[in-house]
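Reader: I should like to go through this structure with you and ask, for each term applied to it, on what grounds the term is used.

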Protein chains: 2
Amino acid sequence: MAETANGPHPGALHLGTLPTLEAVAAIAGVSKSTVSRVINDSTVVSADAKARVEAAIAELGYAPNRAARSLARRRSDSLAVIVHESDATLFSDPFFGRIVRSISQALANSEVQLVLLLAQTDADCARVERYVRQGHSDGVLLVSAHGDDPLAIALATAEVPTIMAGRPLFDASLPYVDSDNRTGARMAVEHLVQRGRGVIATVAGPADMSAGVDRLAGYRDGLRAAGANYRRSLVEYGDWTAESGHRAMRALLAREPAIDAVAVASDLMAVGALQALREADRDVPGQVAVVGFDDTPLWSWGYGAVPLTTVRQPVEQIGTEMTSRLRDYLEGRAPTIDSVTLPTELIVRQTT
Amino acid sequence: MAETANGPHPGALHLGTLPTLEAVAAIAGVSKSTVSRVINDSTVVSADAKARVEAAIAELGYAPNRAARSLARRRSDSLAVIVHESDATLFSDPFFGRIVRSISQALANSEVQLVLLLAQTDADCARVERYVRQGHSDGVLLVSAHGDDPLAIALATAEVPTIMAGRPLFDASLPYVDSDNRTGARMAVEHLVQRGRGVIATVAGPADMSAGVDRLAGYRDGLRAAGANYRRSLVEYGDWTAESGHRAMRALLAREPAIDAVAVASDLMAVGALQALREADRDVPGQVAVVGFDDTPLWSWGYGAVPLTTVRQPVEQIGTEMTSRLRDYLEGRAPTIDSVTLPTELIVRQTT
DNA sequence: TCAGAGATTGGGAACGGTCCCAAAGTCTAG
DNA sequence: CTAGACTTTGGGACCGTTCCCAATCTCTGA
């Protein structure tokens with residue numbers, strides 16, 4: 001440490017030679033202030049001065065120093081994307097990747113940086129919370145696996161503008177962007193009813209996550225709407241993994257062999273369920289119809305099975321919507337951050 | 001813009017109240033310099049002063065302002081992770097997520113931020129290059145899908161310390177961390193030979209990516225080592241997707257129905273190949289043995305098929321190794337960034 | 001002709017750290 | 001007792017912006 005502090009820093013050598021605002025001012029023959037005005041699109045600059053400054057900027061390849069700007073503006077021009085998946089279970093779930101990618105894209109043509117913070121252990125959470133609390137980023141996009149995320153609660157009490165992906169279960173007053181899980185699940189059941197299925201089961205998600213809870217509620221809505229013949233609900237819970245879907249489907253078949261349809265709360269669990277059905281020699285969709293949820297690109301195509309009928313949720317749109325809402329607030333275009341629920345859509349393929 | 005510049009910035013309100021180094025100094029009854037020394041672990045501070053400063057820091061909940069520190073140190077304390085996947089094909093590949101996650105973890109208990117930059121279009125690339133060139137981050141971790149990535153070439157010529165995931169095909173002088181694809185593929189073939197297979201084909205990756213090229217070379221190495229009976233190589237190319245694996249496997253079967261083993265250059269392509277074999281009524285591993293490559297957690301477990309024998313590459317280790325090598329250089333612990341090739345490992349499951 | 005309004009511009013004090021340099025204090029050896 | 005070395009401390013310039021304030025310049029209308 002002492003060594004690097006004294007000697008020149010090898011990786012920072014090129015930084016010293018970067019052009020500054022002063023240099024631009026000197027070349028353009030104006031003051032720092034004027035250059036600053038041009039950079040920040042202030043209208044009170046004469047066309048002449050503006051042209052000279054722009055020429056100088058182009059000549060030098062100047063770009064403002066972020067650190068200096070942040071310091072003066074007292075704003076970091078960066079947003080923290082916190083991904084909290086305490087469980088390695090969700091490792092293979094492309095949901096996180098898709099969300100992060102869409103946030104990144106939404107930020108692409110702005111000056112705002114995306115600082116990615118992954119939290120898995122409790123120690124990570126504490127570190128992340130400290131980081132955010134210290135005002136190192138202007139706002140937070142929280143992508144959490146959990147309905148009762150302690151991190152969410154912490155951020156809700158801190159004064160950091162935050163928006164979540166997915167409705168928090170504990171009703172903090174944190175704004176969120178979610179997809180309409182309940183209606184989506186209801187549509188899935190209605191579709192199964194229309195196909196003439198009589199005994200409709202479900203593999204539900206965890207009861208401590210809003211996506212799990214809402215999709216189960218939608219399943220029940222669907223049964224209720226279908227009338228007296230559908231009064232009996234058949235529920236087994238999974239944890240989003242394919243194995244859990246496999247296990248749940250076996251349990252359902254054991255409980256009620258007459259099942260002729262199942263609404264599964266995620267595509268990945270549906271993959272497991274399909275495997276269980278194959279092992280039980282049930283033809284899909286001949287004997288049992290299956291609907292998934294998510295429309296995960298790969299799995300929905302049905303490798304190792306028939307292309308999956310599923311409910312699509314607009315994952316990318318969740319990311320872009322989160323980003324724009326947070327930025328609208330930060331940049332004063334909106335007085336508050338409001339929650340929103342985006343529509344889901346039934347995609348009929350070959351398992352129903 | 002003018003509006004937010006004049007009025008108070010809603011999202012930045014809390015920033016104004018954060019404790020500063022001066023405040024700490026005042027409370028501890030020492031100078032700014034001394035506080036700075038304590039923060040930066042300078043040894044030339046008396047135990048007494050150090051204790052007082054630490055007490056003051058704890059009392060105020062002080063943390064240094066990143067922007068101010070960056071400005072003074074002329075260093076950003078952030079690393080850019082650039083993910084360049086020009087092709088949405090690779091969308092579902094968890095490789096990128098795993099790499100990013102491991103980099104993040106490697107950075108977890110340091111003060112270094114991870115700034116994520118995703119590039120898909122050419123415009124993205126240009127923007128990313130500009131960003132990096134301007135010295136906004138101390139170094140770059142480049143995770144690229146392409147062997148001849150223009151971004152890589154640009155960074156190689158720029159003076160930004162950079163390390164790549166995967167050997168670049170064009171031999172820029174960029175350092176990289178890669179896994180030993182060639183040896184891995186050879187081990188796969190040797191294993192098939194040991195199992196008594198006689199006609200061993202391969203589904204290769206793209207010829208313009210080092211992973212594709214190296215794994216194909218390893219396949220050929222394996223055949224050559226197996227002797228005269230194995231002189232004939234059977235190659236079809238895929239593009240890492242399951243569909244392409246499916247297509248390639250069908251083509252191989254058409255060319256040579258006597259195939260009794262196939263080394264596939266990725267697990268995902270192996271999933272497609274397995275599907276093709278199932279459609280062709282070949283029993284796996286009875287009639288045809290299959291080896292994949294990657295050991296992708298989900299697919300290797302064999303949903304919709306038998307658990308896949310495969311070659312494991314240490315994806316997470318690639319991420320941590322990239323990070324530590326880059327940091328060793330940046331912090332003056334290493335004079336240069338050296339490339340390294342990490343060992344791969346054959347994981348025998350049930351498809352061979 | 002000239003006051004006053006409006007449009008431009010420049011000067012310079014922050015912003016919150018780092019780090020060079022010199023001053024003050026402490027100790028050892030001659 | 002004191003020069004010289006070493007340890008510890010404080011002062012203050014500087015990093016590259018932003019933005020407030022005052023100065024200058026131009027133009028209009030009485």
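Author: The exchange below takes up the overall form, one strand pair, the DNA surfaces and several individual residues of what is a predicted model.

Reader: Why is chain A called more spread out than a compact globule?

Author: For 352 residues the globule rule gives 20 Å, whereas the radius of gyration of chain A is 26 Å, well over that value; chain A is therefore described as more spread out than a compact globule. Its C-alpha atoms fill a box of roughly 85 × 50 × 40 Å along the principal axes. Chain A contains 14 helices and 12 strands, and 50% of its 352 residues count as buried.

Reader: What share of the contacts in chain A between residues at least 6 apart in sequence join residues at least 24 apart?

Author: The share is 68%. A contact here requires C-beta atoms within 7 Å.

Reader: How do you know that strand 6 and strand 7 of chain A pair?

Author: Pairing requires at least two bridges between the strands. Strand 6 (residues 200-204) and strand 7 (residues 234-237) of chain A have four bridges, in the parallel sense, and so meet the requirement. Within this pair, A:V203 stands opposite A:E236 of strand 7. Between the two strands the chain passes through helix 10 (residues 210-226) of chain A, and this β-α-β crossover is right-handed.

Reader: What makes a residue count as part of the surface near DNA strand D, and which residues come nearest?

Author: The C-beta atom of the residue must lie within 6 Å of the strand. There are 28 residues around DNA strand D, of which A:L21, A:S36, A:N65, A:A68 and A:A72 come nearest. Elements from both chains give two or more residues to this surface, including helix 2 (21-28) of chain A and helix 4 (47-60) of chain B. Helix 5 of chain A gives the most, with five residues. By class, the surface near DNA strand D has 13 nonpolar, nine polar and six charged residues.

Reader: Which residues are closest to DNA strand C, and which helix gives the most to the surface there?

Author: DNA strand C is surrounded by 27 residues, and the closest are A:S31, B:L21, B:S36, B:A68 and B:A72. Helix 5 of chain B gives the most to this surface, with five residues. The elements giving two or more residues include helix 4 (47-60) of chain A and helix 3 of chain B. The surface near DNA strand C divides into 13 nonpolar, nine polar and five charged residues.

Reader: Why is B:G205 given the class it has, buried or exposed?

Author: A residue is buried if 20 or more other C-beta atoms lie within 10 Å of its own. B:G205 has 25 such atoms and is therefore buried. B:G205 lies in the loop between strand 6 (200-204) and helix 10 (210-226) of chain B. Beyond residues up to four places away in sequence, B:G205 touches B:A211, B:G212, B:R215, B:G238, B:W240, B:A265 and B:S266.

Reader: Why does A:M322 count as buried?

Author: A:M322 has 27 C-beta neighbours inside 10 Å, against a cut-off of 20 or more, and so counts as buried. A:M322 belongs to helix 14 (residues 315-330) of chain A. Leaving aside residues up to four places away in sequence, A:M322 touches A:I103, A:L141, A:I163, A:A165 and A:V177.

Reader: What is noted about phi of A:R74, and why is A:R74 called partly exposed?

Author: Phi of A:R74 is near 60°, a positive value in a residue other than glycine. A:R74 is found in the loop between helix 5 and strand 1 (78-84) of chain A. Its 15 other C-beta atoms within 10 Å fall between the limit of 12 or fewer for exposed and that of 20 or more for buried, so A:R74 is partly exposed.

Reader: Why is A:D295 placed in its class, buried or exposed?

Author: With 21 C-beta neighbours inside 10 Å, A:D295 reaches the cut-off of 20 or more and therefore counts as buried. Phi of A:D295 is also near 60°, a positive value in a residue other than glycine. The position of A:D295 is in the loop between strand 9 and helix 13 (297-300) of chain A.

Reader: Where is the cis peptide bond that involves A:P285, and what is omega there?

Author: The cis peptide bond joins A:V284 and A:P285, with omega about 5°. A:P285 is in the loop between helix 12 (267-279) and strand 9 (289-294) of chain A. In chain B, the peptide bond from B:V284 to B:P285 is cis, with omega near 5°.

Technical notes. Residues are numbered from 1 along each chain as its sequence is written. Chains are lettered from A and ligands numbered from 1 in the order in which they are written. This is a predicted model: local features need pLDDT of at least 70, side-chain atom pairs count only at pLDDT 80 or more; totals for chains, interfaces and linings use all residues. A crossover is right-handed if, with the strands pointing away from the viewer, the path from the first strand over the helix to the second runs clockwise. Ala, Val, Leu, Ile, Met, Phe, Trp, Tyr, Cys and Pro count as nonpolar, Asp, Glu, Lys and Arg as charged, and the others, Gly among them, as polar. The radius of gyration is taken over C-alpha atoms; the globule rule is 2.2 Å times the number of residues to the power 0.38. Two residues are in contact if their C-beta atoms, placed from the backbone, lie within 7 Å.
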